[in-house]
Amino acid sequence: GARVSAYAFDSERQPSRFIASTLTDDEGYFNFPELPDELIRLVIEAAPDGSSTMLCDATDGCGAGVAFGQAMPLPENFQLVSLLPANRPQGSVAVTPLTHIAALWAEQFPLGVTDQTAMLALSQVAAVFALDENFAWQTPIDVTDLAELAAATDAAQAHGFLSAGFAQLGGGTDAQQVIAEYVQAFIDNGGQLPIGQGGGDLQTL
C-alpha cells in the first residue's frame, strides 16, 4: 500500500511534528486509531520500496498494457495532501486531488495554515468544483467498481469522477502533473480557475 503520514503544526505554523504513519490497504483505505484534536496534515506517498499500487481510473487506460480498473505502480513523485482542522467531523476523511488543491492553496496564505484557513480552502474548492460542502469528510468511492458506483450518492459520484478526471487529463500516466497545474492555477487566481479549467470540464471527461 501507499504510505500515509500525519503531522501536526508547530508554533510557526509548519507541519513539522510527526504523529504517526500507516499504509493503505488493497482498496486504498487506511485507518488511524486516534489523531489528536488539532490541525493535522495528512500526506499520502508511494512507499519507499516501490511496492505501492493504484487502480487506473482513466477510461482510456494508463499507458501500455494498463486498462481502466487495473492495478498499476504508484508513481515515485505521487503525493496527495489533506488538511484536517481541529473541529473536523469524526469519522471518514478524504485524501484526493480536490483536498490536495485545497491544502496547498491554504498553505500559501500569508499568515500560514490555521483551522480557519483550512476550512475556508475546503469550502472554496467545494464551491469552485460544485462539490458537496462535506466532500472532505466522505469516503472516496472507486469509480472503476460499477457496483460501488451505482450504490454511491450523487455527491460521492461527483467527487469520484472529478478525482478520476485528473488521471484522464494526464493521459492516464501523468495525473500528478495535471494536479500540480490546477494547484498553481488556483493559487495564481486567488482560489478561482480560468474559464475552461473548472469542475465541469473534469466531469465531462
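This dialogue walks through helix α1, its packing and the neighbouring sheet in a predicted model.

Reader: What limits apply to the model, and how are residues numbered?

Author: The model is predicted: local features need pLDDT of at least 70, side-chain atom pairs count only at pLDDT 80 or more, and totals for chains, interfaces and linings use all residues. Residues are numbered from 1 along each chain as its sequence is written, and side-chain values use heavy atoms, with hydrogens and water left out.

Reader: How are two packed helices described?

Author: By the angle between their axes and the distance between the axes. Here, take α1 (residues 97-106) and α4 (residues 154-169). Their axes come within 8 Å and cross at roughly 75°. Axes are lines fitted to C-alpha atoms, for helices over the stretch in contact, and angles run from 0 to 180 degrees between N-to-C directions. Helices (H or I, at least four residues) and strands (E, at least two) are DSSP runs, numbered from the N terminus. The two helices are therefore roughly perpendicular (65 to 115 degrees).

Reader: Which residues of α1 and α4 meet?

Author: Pro97, Leu98 and Ile101 of α1 meet His159, Leu162, Ser163 and Phe166 of α4. Contact means heavy atoms within 4.5 Å. By class, five residues are nonpolar, two are polar and none is charged. Ala, Val, Leu, Ile, Met, Phe, Trp, Tyr, Cys and Pro count as nonpolar; Asp, Glu, Lys and Arg as charged; the others, Gly among them, as polar.

Reader: Why is α1 described as largely enclosed?

Author: Nine of its ten residues are buried (under 20% relative accessible area, 1.4 Å probe, protein chains only), so the rest of the structure largely encloses α1. Among the buried ones are Thr99, His100 and Trp105. The cover includes β6, α2, α4 and α5.

Reader: What order do the sheet strands take?

Author: The order is β2-β1-β3-β6, in an open, antiparallel sheet. β2 (17-23) and β6 (79-84) are the edges, each with a single partner strand, so one side of each has no neighbour in the sheet. Strands pair if DSSP finds at least two bridges between them. Six bridges join β3 (residues 40-45) to β6. In one of these strands, β6, Leu83 is the bridge partner of Arg41. Helix α1 lies across β3 and β6, at about 70° to β6.

Reader: Where does Val125 make contacts beyond its neighbours within four places in sequence?

Author: Val125 touches Leu98, Ile101, Ala102, Leu131, Phe135 and Phe186.

Methods. Parallel < 35°, antiparallel > 145°, perpendicular 65-115°, else oblique. Buried < 20%, exposed > 50% of the residue type's maximum accessible area, 1.4 Å probe, protein only.
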